[in-house]
Amino acid sequence: AKLAPTSPRHTRLRGLPARVAVRLVVSLRKRQLPPALPLLKAASELEHLADLAKRALRKAERLWTQGVTFSPEGKAELARIVERTLARLERALTALATGNRALAERVLAEYPEVLAEVEASREAHLRRLRDRVETRASTLTHLDLLLLLEELNLGVNRLARLVEEIHKEG
C-alpha cells in the first residue's frame with residue numbers, strides 16, 4: 001500500500017463523521033433513542049479522530065514537499081499500520097451504527113496487536129537510523145506519525161466502548 005496525499009485512504013476520511021451520523025440515526029430510528037450524552041461523546045470522538053488524521057496528513061505532505069522520504073521499509077510499515085487502523089475504525093463505526101457488540105469487542109481485542117506493531121515499527125525505525133538507512137530529517141515525522149497512529153487507535157477503542165452505552169437494551 002502506498003502512502004500519498006491524494007490516496008484513497010485520505011479521501012475516505014473526508015465526510016466520515018457525517019456518514020456515520022446518518023447511519024447511526026437511521027439505525028436508531030425504529031428504537032427508543034439513547035440519552036444524548038453517549039451520542040455527544042461519539043460525535044466528539046469522531047471530531048478528535050478527524051483532527052488527528054488531518055494532522056498526520058499535513059505532516060506527511062510537509063515531508064513530501066521538502067523532498068524527504070522514508071525508507072521503503074518505513075513506508076511499508078506506516079502503510080500497514082494505517083490500513084489496519086482504518087479497518088479498525090470502519091469496524092468500530094459499523095458497530096456503533098448497528099449496535100453490533102461482538103464487532104465492537106473484536107475491535108477492542110485487536111488493539112494489543114496494533115500497539116505491538118506500532119512499537120515494532122518505532123524500534124525498527126531507530127535501528128535503521130543507527131544503520132544510516134533512515135535520515136534524521138524523516139525521523140521526527142516518522143516517530144510523530146506513529147504517535148498519531150497510537151492516538152487514533154485509542155480513539156477507535158473509545159468509539160467501540162460506546163457501542164454498549166448507546167445501544168442499551170431498553
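Here is a short walk through some helices of this structure and the side chains that link them. Bear in mind that the model is predicted.

Let's start with helix α5, which covers residues 101–130. From first C-alpha to last it reaches 45 Å, close to the 44 Å expected for its 30 residues. Along the way there is a kink of about 30 degrees at Y111, shortly before the proline P112. At the N-terminal end, N100 acts as a cap, with a side-chain oxygen 3.2 Å from the backbone nitrogen of A102. After the helix comes R132, which has a positive phi, near 65 degrees.

The kink residue Y111 is also one of the residues touched by N153, so let's move to helix α6, residues 136–166, where N153 lies. N153 counts as buried because its relative accessibility is 1%, under the 20% cut-off. Its side chain makes a polar contact of 2.8 Å with the side chain of T85, and a polar atom of that N153 side chain also lies 2.8 Å from the backbone oxygen of L149.

Now for the charged pairs: the structure holds 15 salt bridges. One of them joins K59 and D144, at 2.6 Å from N to O. K59 sits in helix α3 and D144 in helix α6, so this pair ties together parts 85 residues apart in sequence. Another salt bridge, at 2.9 Å, joins E110 and R91, linking helix α5 to helix α4. E110 is buried at 14% relative accessible area, and R91 is buried too, at 18%.

E164 and R101 also form a salt bridge, with their closest N and O atoms 2.9 Å apart. Because E164 belongs to helix α6 and R101 to helix α5, the pair ties together parts 63 residues apart. Finally, R80, R84, E113 and E117 are joined into one network by salt bridges that share partners.

How values were computed: Residues numbered from 1 in each chain as written. Predicted model: local features only at pLDDT ≥ 70, side-chain atom pairs only at ≥ 80, totals over all residues. Heavy atoms only, no water. Helix = DSSP H or I, 4+ residues; strand = E, 2+ residues; numbered from the N terminus. Expected span 1.5 Å × (residues − 1). Bend = angle between axes of the 7 residues up to and from the residue. Polar contact = N/O pair within 3.5 Å; in protein donor to acceptor, adjacent residues only side chain to side chain. Buried < 20%, exposed > 50% of the residue type's maximum accessible area, 1.4 Å probe, protein only. Contact = heavy atoms within 4.5 Å. Salt bridge = Lys/Arg side-chain N within 4 Å of Asp/Glu carboxyl O. Lists of a residue's contacts leave out its neighbours within four places in sequence.
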